[in-house]
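Thank you all for coming. I would like to walk through one model this morning, beginning with the overall layout and then moving on to a few individual places in the chain.

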Amino acid sequence: MLEERERWRLLERCFDDTTQPLDTRAAGALILLYGLPLIRIRSLTADHLDHQSDERTHLIVGAHRLLLPPKLAHMLSRLAEAGSGRSRYPNRPDARRWLFPGLVPGRPLSAEGFNVKLTRFGLHTRPARNAALISLAAQLPSAVLADLVGLHHNTAARWSQLAARDWHDFVAARPMVSAGSE
């Protein structure tokens, strides 16, 4: 599994390494922060972004509105403004505005193509997503986690148990400090 320190280092790289493709960095940040699966990320459209009057941007995922960090909000907004992406053919006016458009007009980037781009960036999706899920499971009720990332409720409950077990293992492994020795 991806260490928490490495997860944050990769997230920082997603935000700051402008030599890498914007779509790769934005998708990486969504995986590292929210544990979203690629299948859900690739199906995001411009309509999933909700820009508030107070300059806050939310990403609508399932029934939840996730407040985005400003850098990620800016990255996703730029993707929404970019339009048809890499296709040589124009989109139909009524076509969905994918945040991660593929080569085929009107279609998102393939999961396989996305995975290759992220791997080249140095982000392996499964360990990155698992690290994010552990972090989220330690902070959110399992029902919210399930809805947020598209997990079955039993799976979300197992992630919550794993997060709690990891915490208890950490506490048990710490050397005991007596109250008078500090």
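What you have in front of you has eight helices and three strands, and please keep in mind throughout that this is a predicted model. If you read along from the N terminus, the elements come in the order α-α-α-β-β-β-α-α-α-α-α. The protein has 182 residues, of which 42% count as buried, and the exposed area amounts to about 10,900 Å², with carbon and sulfur atoms supplying 53% of that area. If we take the contacts with a separation of 6 or more, 54% of them are between residues that are 24 or more positions apart.

Let me turn to how the helices pack. Two packed helices are described by the angle between their axes and the distance between the axes, and I will take two pairs in that way.

The first pair I have chosen is α1, residues 4–16, with α4, residues 70–82, whose axes come within 10 Å and cross at roughly 50°. An angle between 35 and 65 degrees is classed as oblique, and α1 and α4 are therefore oblique to each other. Their crossing is left-handed. On the α1 side the contact is made by C14, F15 and D16, and on the α4 side by K71, L72 and M75. Sorted by class, the residues of this contact between α1 and α4 comprise four nonpolar and two charged, with no polar ones.

The other pair is α2, residues 22–34, with α5, residues 111–121, and here the axes are 10 Å apart and the packing angle is about 90°. The helices α2 and α5 are therefore roughly perpendicular to each other. From α2 the contact draws on D23, T24, R25, A27, G28 and I31, while α5 contributes F114, K117, L118 and F121. By class, five residues in the contact of α2 with α5 are nonpolar, two are polar and three are charged.

Now for the loops. Is T45, which sits in the loop between α3 and β1, buried or exposed? Its relative accessibility is 7%, and because the cut-off for buried is under 20%, T45 counts as buried. Leaving aside residues up to four places away in sequence, T45 touches R96, R97, W98 and L99.

R107, in turn, is placed in the loop between α4 and α5, and with 48% relative accessibility R107 counts as partly exposed. With the neighbours up to four places away in sequence again left out, R107 touches W98, P101 and G102. Between R107 and R97, which are ten residues apart in sequence, the C-alpha to C-alpha distance is 9.2 Å.

I will finish further along the chain, at α7 and α8. Which residues of α7, spanning 142–149, are buried? They are L145, A146, L148 and V149. After α7 comes G150, which has a positive phi, near 75°. In helix α8, residues 153–173, we find N154, and at 48% relative accessibility N154 counts as partly exposed. The C-alpha atoms of N154 and S142 are separated by 8.5 Å, with the two residues twelve apart along the chain.

That is the end of my tour, and I am happy to go back to any part of it.

Terms used
Residues numbered from 1 in each chain as written. Predicted model: local features only at pLDDT ≥ 70, side-chain atom pairs only at ≥ 80, totals over all residues. Heavy atoms only, no water. Axes fitted to C-alpha atoms, helices over the stretch in contact; angles between N-to-C directions. Helix = DSSP H or I, 4+ residues; strand = E, 2+ residues; numbered from the N terminus. Parallel < 35°, antiparallel > 145°, perpendicular 65-115°, else oblique. Left-handed = near helix turned anticlockwise from the far one by under 90°. Contact = heavy atoms within 4.5 Å. Nonpolar A, V, L, I, M, F, W, Y, C, P; charged D, E, K, R; others polar. Buried < 20%, exposed > 50% of the residue type's maximum accessible area, 1.4 Å probe, protein only. Areas by Shrake-Rupley, 256 points an atom, 1.4 Å probe, with all protein chains shown as cover.
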